[in-house]
Amino acid sequence: MDLTIDLRQAIYALTDALDLVGVDEVGHGKRVGFMALECARTLSLDDEARDKLFHAALLHDCGVSSSRVHRHLVEELEWDKAEEHSLIGFDLLQHFPPLASLAPAIRYHHTRWETLKDMGVAEQDALFASVIFLVDRVDALVTPHYSKDLLMARHDIRRRIAALRHTLFAPQAVEAFMNASSAESFWLTLETPHLEHFLFDMEREHQPQPISFTELKQLARVFAHIVDAKSHFTVEHSDGVASLARYLGEKMGLPTERCEKLEVAGLLHDLGKLKVPDEILEKPAELDEQERSVMLRHSFESYQILRRIKGLEDIALWAAYHHEMPAGNGYPFHARAEVLGKEARIIAVADVFQALAQDRPYRKAMPRDRIVGILQKQADEGGLDRGIVALVAADAEQCWLRASHPPLRDGA
């Protein structure tokens with residue numbers, strides 16, 4: 001496929017997704033990225049190294065899916081289980097060549113300097129890990145002061161960071177931070193509207209970094225892993241939806257390019273679920289009205305993340321529409337049959353099938369025949385496409401295998 005994607009745009013989109021994990025406390029990854037870049041400028045790094053530190057800082061929490069874990073990380077200066085998400089992030093990125101160089105800094109971004117300096121880590125990776133650790137902890141210290149007394153709080157935060165030189169943080173990292181943070185503008189840029197302007201300028205001023213469609217699919221699997229790791233009940237959900245959606249597209253005779261995109265849309269359809277608190281996703285009972293209103297946001301959030309990546313406009317819509325219904329009573333757009341293309345309808349059927357084929361906190365996985373019966377009932381009520389459900393019913397065994405045992409593709 002000829003389609004190429006800008007890696008920078010994909011990184012920013014992934015940062016948007018990761019920031020959802022904070023639920024109400026959003027923007028952590030972006031703030032850490034900004035502060036790391038300001039530190040990089042005082043370190044006199046070349047453009048390539050500066051970009052490397054900036055992107056590693058933006059993605060430093062790619063191993064965090066859980067809102068519970070996020071709360072510990074932003075509320076405690078040193079959490080004894082912080083290294084776990086560093087290892088997960090390292091493992092995710094080291095297998096994706098375009099971002100593999102960021103993996104070592106992410107691996108050690110919660111390692112104390114007094115330990116890290118003797119571990120044999122490459123000098124630049126160790127320094128970058130320490131810078132990210134430092135500004136990550138700065139954001140944890142600053143969070144209570146946003147939109148309140150930020151400039152007043154900065155003096156105490158700077159003193160606390162300076163006192164941790166040689167122990168938590170590398171001396172060079174502390175010096176870079178102290179130089180960068182001496183200006184009031186450093187702190188004021190951390191506030192949401194100013195931070196968004198900073199990121200807009202960064203995206204506009206840099207040259208695109210194209211990646212192939214094959215690499216995009218690999219990156220989509222990284223995204224999917226982050227989402228599905230949020231709960232043990234959703235492990236492999238996105239892979240299963242992607243596999244079944246592609247299979248159904250092929251059965252319906254869609255062109256190969258459309259089937260490839262269907263697979264990517266399946267991998268990315270639930271990105272917005274990162275904003276759903278763990279307690280709701282794992283509730284072993286029916287959701288109440290307030291909890292359901294939180295859940296109703298997730299496909300809209302997926303759309304907002306994906307729409308910013310040039311070239312993924314159709315994929316963004318297919319993902320956004322996976323809870324829409326031909327009768328027009330789905331969510332969040334209430335799109336009717338005339339708006340929903342074949343691809344969106346395929347994703348919707350694949351999503352319901354795969355979810356029913358998996359355990360959930362409130363029920364066990366359902367047998368194949370019962371799944372087909374539920375799909376047919378929903379189709380009769382205008383909730384799913386009749387033709388696609390009929391196709392599933394006629395090939396239920398293969399559909400079940402695709403949904404519950406998705407094959408890996410492209411070595412990803």
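1. Two residues are in contact here when they have heavy atoms within 4.5 Å of each other. Keep that in mind for Leu375: leaving out residues up to four places away in sequence, Leu375 touches Val349, Val352, Phe353, Leu384, Val389 and Val392. One caution as you start: this is a predicted model.

2. Leu375 also turns up in the largest nonpolar core, which has 137 residues. It is listed there with Leu99, Leu134, Val138, Phe177 and Trp187 as the residues with the most contacts inside that core. If you want to know which element gives the core its largest share, look at helix α8 (residues 123–142), which supplies 12 residues.

3. Now for the aromatic rings. The structure holds 11 aromatic pairs. One of them is Phe54 with Phe198: the ring centres are 6.1 Å apart and the planes sit at 80°, so this pair counts as edge-to-face. The two partners come from distant parts of the chain, with Phe54 in helix α3 (residues 47–58) and Phe198 in helix α12 (residues 192–205), 144 residues apart.

4. Are those two rings buried or exposed? Phe54 has 0% relative accessibility, so it counts as buried. Phe198 is buried as well, because its relative accessible area of 11% falls under the 20% cut-off.

5. The pair belongs to a wider group. Ring pairs join Tyr12, Phe34, Phe54, Phe177, Phe186, Trp187 and Phe198 into a cluster. You have met Phe177 and Trp187 already, among the residues with the most contacts inside the largest nonpolar core.

6. On to empty space. There are four cavities of 30 Å³ or more in the structure, and the largest has a volume of about 100 Å³. It is lined by 12 residues, and the closest to its centre are Leu18, Asp19, His28, Asp61 and His70. Helices α1 (7–19) and α2 (28–42) each give at least two residues to this lining.

7. What classes of residue make up the lining of the largest cavity? By class, there are four nonpolar, five polar and three charged residues.

8. Last, a loop residue to click on. Thr111 lies in the loop between α6 (103–107) and α7 (113–116). Its relative accessible area is 12%, and since anything under 20% is called buried, Thr111 is buried. Setting aside neighbours within four places in sequence, Thr111 is in contact with Leu116, Met119, Phe133 and Leu168.

Conventions:
Residues are numbered from 1 along each chain as its sequence is written. This is a predicted model: local features need pLDDT of at least 70, side-chain atom pairs count only at pLDDT 80 or more; totals for chains, interfaces and linings use all residues. Side-chain values use heavy atoms; hydrogens and water are left out. Helices (H or I, at least four residues) and strands (E, at least two) are DSSP runs, numbered from the N terminus. Buried means under 20% relative accessible area, exposed over 50%, partly exposed in between (1.4 Å probe, protein chains only). On a 1 Å grid over the protein atoms alone, a cavity is a set of points where a 1.4 Å probe fits but cannot get out, and a pocket is an open set with protein on both sides within 12 Å along at least five of seven lines; lining residues have an atom within 4 Å of a point. Grid points are joined across faces, edges and corners, and a volume is the space filled by probe spheres set on the points. Ala, Val, Leu, Ile, Met, Phe, Trp, Tyr, Cys and Pro count as nonpolar, Asp, Glu, Lys and Arg as charged, and the others, Gly among them, as polar. Rings of Phe, Tyr and Trp (its six-membered ring) pair if their centres lie within 6.5 Å; planes under 30 degrees apart count as stacked, over 60 as edge-to-face and the rest as tilted. A nonpolar core is a set of buried Ala, Val, Leu, Ile, Met, Phe, Trp, Tyr and Cys residues joined through side-chain atoms within 4.5 Å.
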